[in-house]
Amino acid sequence: MLVHGKVDGRKGIISLSGRFDFNRHREFRGVCDPLLENQEVGVLQVDLGQVDYMDSSALGMLLMLRDKALAGKKTVELVNVRGAVKQVLEIANFGKLFPIL
């Protein structure tokens, strides 16, 4: 999996591709932490459009990101959700926790 982060105005965009699982925890955190610390960023968008697999540890990483973001008065949005990833998020009721765009 590849993880990239960038800032676009007040948005921090986290783009993922491939498998989103426990093996990517450090990589994911390494991209998220600087965006969480950036005072200019108010919204974190997690782009899941290129993710073809995610497991329960990925759900946990998203929940941890959400908790850290809320502590910093930021919001997290999940964008470009499709296919099997969309099904996993629906089964986990993540639509109640995150805006899914």
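**A cavity and its salt bridges**

At 42% relative accessibility, arginine 29 counts as partly exposed, the cut-offs for that class being 20% and 50%. The model considered here is predicted, and arginine 29 is a convenient point of entry to it. This residue forms a salt bridge with aspartate 33, in which the closest N and O atoms are 3.3 Å apart. Both partners belong to helix H1, where they are separated by four residues, about one turn of the helix.

Aspartate 33 also has a partner outside H1. Its side chain meets that of lysine 68 in a salt bridge, with an N to O distance of 3.8 Å. Because aspartate 33 lies in helix H1 and lysine 68 in helix H2, the pair ties together parts that are 35 residues apart in sequence. Lysine 68 has a relative accessibility of 37% and therefore counts as partly exposed. Taken together, Arg29, Asp33 and Lys68 are linked in a network of salt bridges.

The three residues of this network reappear in the description of internal space. Rolling a probe the size of a water molecule over the atoms shows where empty space is left. Across the whole structure, a search finds one cavity of 30 Å³ or more. The largest cavity holds about 90 Å³ of space. Arg29, Asp33 and Lys68 are among the residues that line it, together with His25, Phe28, Cys32, Leu36, Met61, Met64 and Leu65.

Which elements give two or more residues to this lining? They are helix H1, spanning 25-37, and helix H2, spanning 56-71. H1 supplies the largest share, namely six residues. In terms of residue class, the lining comprises six nonpolar residues, one polar residue and three charged residues. The charged class includes Asp, Lys and Arg, so Arg29, Asp33 and Lys68 in the lining belong to that class.

A further ion pair completes the account. The search of the whole structure finds three salt bridges, one of which joins arginine 19 to aspartate 21, with the closest N and O atoms 3.3 Å apart. How do the two partners stand in accessibility, buried or partly exposed? Arginine 19, at 43% relative accessibility, counts as partly exposed. Aspartate 21 is at 8% and counts as buried, because buried means under 20% relative accessible area. This salt bridge thus pairs a partly exposed arginine with a buried aspartate.

Methods. Residues numbered from 1 in each chain as written. Predicted model: local features only at pLDDT ≥ 70, side-chain atom pairs only at ≥ 80, totals over all residues. Heavy atoms only, no water. 1 Å grid on protein atoms, 1.4 Å probe; cavity = no way out; pocket = protein on both sides within 12 Å on 5 of 7 lines; lining within 4 Å. Points joined across faces, edges and corners; volume = space filled by probe spheres on them. Salt bridge = Lys/Arg side-chain N within 4 Å of Asp/Glu carboxyl O. Buried < 20%, exposed > 50% of the residue type's maximum accessible area, 1.4 Å probe, protein only.
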